[in-house]
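Student: I would like to understand how the terms used for this structure are justified. Could we go through them one at a time?

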Amino acid sequence: MRYPFSEIETKWQINWEQNKVHKTDFSNTEKKLYTLVMFIYPSGAKLHCGHWYNYGPTDTWARFQKLKGYNVFEPMGYDAFGLPAENYAIKTGIHPKDSTLKNIEDIRQQLKKIGCMYDWDAELMTCVPEYYKWNQWLFLQLYKKGLAYRKNAPVNWCTSCQTVLANEQVLNNGTCERCNAAVIQKNLTQWFFKITNYAEELLDGLDKINWPEKTKLMQRNWIGKSIGAEVTFKIADAEDQIKVFTTRPDTLFGATYMVLAPEHPLVEKITTKEFKDKVEAYKDSIKSMSEIERSSTVKQKTGVATGAFAVNPANGKKIPIWIADYVLMTYGTGAIMAVPGQDERDWEFATQFNLPIIRTVQPPENFSDNAFLGDGLAINSDFLNGLYVDDAKKKMIDWLEEKKIGKSTINYRLRDWLISRQRYWGTPIPIVHCEDCGEVPIAEDQLPVELPYEIEFKPTGESPLASNQKFINTTCPTCGKNAKRDPDTMDTFVDSAWYYLRFLDPKNEKMFDKNLSDNWTPVDMYVGGAEHATMHLLYSRFIHKFLRDLGLVNSDEPFKTLVHQGTITNNGAKMSKSKGNVVNPDEFTVKVGNDVFRLYLMFMGPYEQGGDWSDKGISGTERFVARVYDLCCNYKNIYNEINTPNKFELEDLSSIEKSVYRKVNQSIAKVETELEHFRFNTAIAALMECLNELTKNLVNCRKELQSYSLERFIVSLAPLAPHLSEECWEIIGKKISIYHKPLWVDCDEKALIEESVSIAIQVGGKMRGTVDVPMNSSEDDVKSAVIADDKIAKHLEGKTIVKQIFVLNKIMNFIVK
């Protein structure tokens, strides 16, 4: 019988919606479980297999928890602002609002067909004023606390997108992650959020959350805590000073030159006349380089001297001041003391430009001619000589503080979050610029500052909002004079930094319902891509902690447990709308149904690994579903024919019934363990094995065991194939939907203990067969069974057994001659 998937899936989706099966009761918090996937960007390509791979399996986990009695909240929404919709508008002339809302409508229908148990009353989209009003409110709270500020700074500028990119959005090769165009450095006045104020707490919090260790390590490295000292160098023959941060204050006696970032404000002032042209030429030559390119450890070192000198405070010697691209204005103080004897980059630079090298730590004998990075006794360091590195550091810091020319300091690699974007499709920044009053925040009761619909999209290097005179021209809230609105929009990561709170009541007149957030956050299970480790996942943690400090949430972290799904590739490349290599799941679901497609994706391999897309095995999954359906149809209404017991006594069952009973209970135990840990492929494999057993032997079992087995098999399958399971549940005579009255079935622990086991028998190391014996049989008993088996025993005839190798319940190997 062909499985009528289209009819059955439509039937149960209507049933779930009409009966509000997936509606969450927020008042019941005893076993609450907030499950969330990273919400979708609604682009024109709609859902592809990668989305399915994120949403379907996570929904399976959520359904499993619902069946186990948890009150599950699983919402879905749309990360609707962003560059792709605006680029699409530039290309086609279709307004971002129009294309985005149309895409959301299409994607909503696709999502409903998947069969996920989303609470559609909680749906939200970030591109509507009711949502982005609260981005602006959040901005104002940060501004009041001094955590939102504007400054002129070198930024990453995408030459194609014509907008600023955060460091995290620039690929290692110096190109834009969105369009792969070259990214250059450009000085602009931009808005920043002071995430650095939370650097230490962001580090500490990583020890309190259940996240993949690799992701936590990426955040630790991105925050980049360094403990060291700040040292003040005087500039020779001048009043100016240069402060440097170093993690190795013990090497101060070995500082033989200084290097400033080319953008350092002192460069122009201290450069001597004869070096001016070279310095300016060098500064021009590196303008197009990103920070990632400049920080590369493999590229050849470049730089030029300024003609100025600093004074090493440890020994009073003059050392030359250079500029070089590998020193960044955004890290530390934008200046370094160069100690080539103990730093590889400084060694390379010194050898290339013939600068002095003084070792301050004794390297071991036969050490190669290079910088020595290890521990050892201090040398060439006056009062530090003879001390090991840690002791020398402490003594030098004490000396610097005593002389008031330095101090112990902690530095972070983390930079403040640059949120300005010179594009249209985003949240307007709620600031007015007045010639008399300066920056003036919009009053909270005047929010939202709405995006105008009429706009010119062609990228010019400045925000499109600047060209809309009706929007940009306003009056100052303070003095009433003519003023200008801020023309930039916010980074869309602001939208996603707090959306999980809004889901709890997306129509609330406040940012979110505090009572609900206190009871339902942090999110219990968050699932999404590892590529967001140092962007969305870090920004969300920062904003959550800030909201906590405002008294709006009562927890320290937004996401308690994090799982990363693997990537579904197509011919080895990540599926991406921008690459045009996406696979549309609709092409398959119309042919085989949503449950088959869900099962197939989960059966591809370990969830965290993903894999390369191929539809070659989908027919096998389709056959599995059809066999399940056929099996249940053969036992229609069986549940109503007899009373199904909760368990059986093994001694009351025939050998075939024992085999079925054991396999069913083993499957329940296996599925429960595997689903709990997102190991969907092995859970499905266990059910496939169970189906083979049921298909072969269920007909030879008593009706009570038939009903017992089918009931438990269907419940175990329900999270993985919800439509099929609901239909099979009804076929065998159940009146109420599995998900309307959720239940899970416990296995009979006694049935998990095998009575017999197959022992592999080898003769001279070659496999000759197996014998079935009772569990924990002795070596002599197994040997007796071997001798009684003619097919195996013939391999021992005429031979002398020299030795027997026996492993309990596994193998027996006869060594013969």
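Tutor: Let us begin with a term: accessible areas come from the Shrake-Rupley method with a 1.4 Å probe. In this predicted model, the area that the protein chain exposes in that sense is about 35,800 Å², and carbon and sulfur atoms supply 48% of it.

Student: What makes a residue count as buried, and what percentage of the 817 residues in the protein chain are buried?

Tutor: A residue is called buried when its relative accessible area is under 20%, and residues that meet this cut-off make up 55% of the 817 in the protein chain.

Student: How do you know what share of the contacts join residues 24 or more positions apart?

Tutor: A contact requires heavy atoms within 4.5 Å; among the contacts with a separation of 6 or more, residues 24 or more positions apart account for 73%.

Student: Why is the second largest pocket called a pocket, and which residues are closest to its centre?

Tutor: The word pocket is used because the set of grid points is open, with protein on both sides within 12 Å along at least five of seven lines. The space in this one is about 350 Å³, and its lining has 17 residues, of which Q13, W16, E17, Y118 and W120 are the closest to its centre.

Student: Which helix supplies the largest share of that lining, and how is the lining divided by class?

Tutor: The largest share, four residues, comes from α1, while α1 (5-18) and α4 (96-114) each supply at least two. Since Asp, Glu, Lys and Arg count as charged, the lining is described as having seven charged residues, beside six nonpolar and four polar ones.

Definitions and conventions
Residues numbered from 1 in each chain as written. Predicted model: local features only at pLDDT ≥ 70, side-chain atom pairs only at ≥ 80, totals over all residues. Heavy atoms only, no water. 1 Å grid on protein atoms, 1.4 Å probe; cavity = no way out; pocket = protein on both sides within 12 Å on 5 of 7 lines; lining within 4 Å. Points joined across faces, edges and corners; volume = space filled by probe spheres on them. Buried < 20%, exposed > 50% of the residue type's maximum accessible area, 1.4 Å probe, protein only.
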